[in-house]
Amino acid sequence: MPQITQLNLPAGLIDLGVGQPDIALLPLDLLKKSAEHRFNQSDPSPLQYGTEQGNGYFRRALARFLSPGYGMPVDPDQLFITAGATYGLDLICTYFAKAGDTIFVEEPTYFLALHIFADRRLNVVGISIDDKGMIIEALEEKLAKHQPAFVYTIPTFHNPAAVTLSASRREKLVRLSEKHNFLIVADEVYQLLAYTATPPAPMISFDQAGTVLSLGSFSKILAPGLRLGWIQAGDEFLRRLAGSGLLLSGGGLNPFTASVVQSALELGLQDEHLTQLKKIYRLRSAALVAALHEHLPASVSFVEPEGGFFVWLQFPEDVDTASLRRKARQQDIDFQPGVNFSTNRGLHNFMRLCFVYYDSDDLGKGVQRLVKIFPEE
Ligand SMILES: Cc1ncc(COP(=O)(O)O)c(C=O)c1O
């Protein structure tokens, strides 16, 4: 599996493979105001060990924030505070799967999740996707051969493929989870980042038998360095997580950070910031898509993103994007090759580009550099 390190970019390089927010958009002033508001309460309790599930006032503020964006009422008692979606996923792997278990993921899937699954010694099986997300018939074929502990899915504005699971497939996936007795771990960190279309409501709104656990995060809507996110799930799951040795010893996750973000939520600052981010990301997405339409050869195709962070390019079968990378570096451009997102070293003819880290000018420049390394038609 490729090793990926945190960001350290050489000067001049445009790395469209970076899937992080632009440092210039990280909300320093917002957090300063929120921290001041919190400190002005003269309440030292956020500095104490936190309650295992997460502070109730914070969960209430989070539920109020999420309900309109999710298009469904969110119950604060169904929220469990995490140190980010990654941490949530790791906890779920610990408590709802054991080494040697099979899990299903989309092919392609979020590449760093594959590292978590490898750490947990899980047997990962890929399910093909199309422009409406996971293909249900492909899932049914695999269910005839395997009993997964859970299906890990990124249903909305998929990383890397930019597609969204349709409402009817959500329905079918949930019904299959009931019939075949597996959990659905829905990584919904892009749910609130819709630019040109409203996605279906989160997976949990389709859940009747309590098979869905949903992951959310402040990394994509506020700042990744906060390490703050949530799991939304039924009581039984949350009790299990809150009763873990990890939580019993260390207390709830990041209670101090949560108290600052609670102020950001209560003061309406998170709402304002998200509105602003969506405006900027929508423009950047449009700039990247326009540059791609202008410069890409006809043999390369992609689904236009309606939200999220990414564009996923599909090249003809004989192109191996990983082997284009050396040439790319010579042109001061980089990207994520498709193979990184594959469960079986496949997807060699795909490439992920991100449109949130760079501004529109750099995105345009990046595409012009990128097309220079493409094989001649
Ligand atoms: C699908 C997906 N899940 C999880 C994460 C990581 O989220 P967090 O920073 O909350 O751990 C990312 C970040 O790229 C992501 O794309």
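## Exercises on a predicted model

F39, L47 and F256 make up a nonpolar surface patch whose accessible area comes to about 330 Å² together. This is a predicted model, where local features need pLDDT of at least 70, side-chain atom pairs count only at pLDDT 80 or more, and totals for chains, interfaces and linings use all residues. Residues are numbered from 1 along each chain as its sequence is written, and side-chain values use heavy atoms, with hydrogens and water left out.

**Exercise 1.** Find where F256 sits, and say how accessible F256 is.

*Solution.* Start with the patch rule: members have over 30% relative accessible area and no salt bridge, with nonpolar side chains (Val, Leu, Ile, Met, Phe, Trp, Tyr) joined within 5 Å and like charges within 9 Å. Areas come from the Shrake-Rupley method with a 1.4 Å probe, and for residues only the protein chains shown count as cover. Next, place F256: it belongs to helix α9 (residues 255-266). Helices here are DSSP runs (H or I, at least four residues), as are strands (E, at least two), numbered from the N terminus. Finally, F256 is partly exposed, because its relative accessibility is 32%; the scale is buried under 20%, exposed over 50% and partly exposed in between (1.4 Å probe, protein chains only).

**Exercise 2.** Work out which residues of α5 are buried, and how they are arranged around the helix.

*Solution.* First list them: in α5 (residues 136-143), I136, A138, L139 and L143 are buried. Now look down the axis: these buried residues fall within an arc of 160°, so they line one face of the helix. That arc is taken over the directions from the helix axis to the C-beta atoms. Flip to the other side of α5 and you meet E137 and E141, both exposed. Last, check the packing: the buried residues sit against β3 (102-107), β4 (123-130), β5 (133-134), β6 (150-153) and α6 (167-180).

**Exercise 3.** Describe the surroundings of S342, starting from its place in the chain.

*Solution.* S342 is in the loop between β12 (336-337) and β13 (350-354). Despite the loop address, S342 is buried, as its relative accessible area is 8%. Leaving out residues up to four places away in sequence, S342 touches E107, L114 and L347, where contact means heavy atoms within 4.5 Å. With E107 there's also a side-chain polar contact of 2.7 Å. A polar contact pairs N or O atoms within 3.5 Å; within protein, one must be able to donate a hydrogen and the other to accept it, and residues adjacent in sequence count only if both atoms are side-chain atoms.

**Exercise 4.** How many salt bridges does the whole structure hold, and which parts of the chain does the D22–R284 pair link?

*Solution.* Apply the cut-off: a side-chain nitrogen of Lys or Arg within 4 Å of a carboxyl oxygen of Asp or Glu. A search of the whole structure turns up 10 salt bridges. One of them joins the side chains of D22 and R284 at 3.1 Å, N to O. D22 is in the loop between β1 (14-15) and α1 (28-39), and R284 is in helix α10 (residues 269-295), 262 residues apart. Both D22 and R284 are buried.

Now try a local pair: K365 and D362 meet at 3.4 Å, N to O. They're about one helical turn apart, because 3 residues separate them in helix α12 (residues 360-372).
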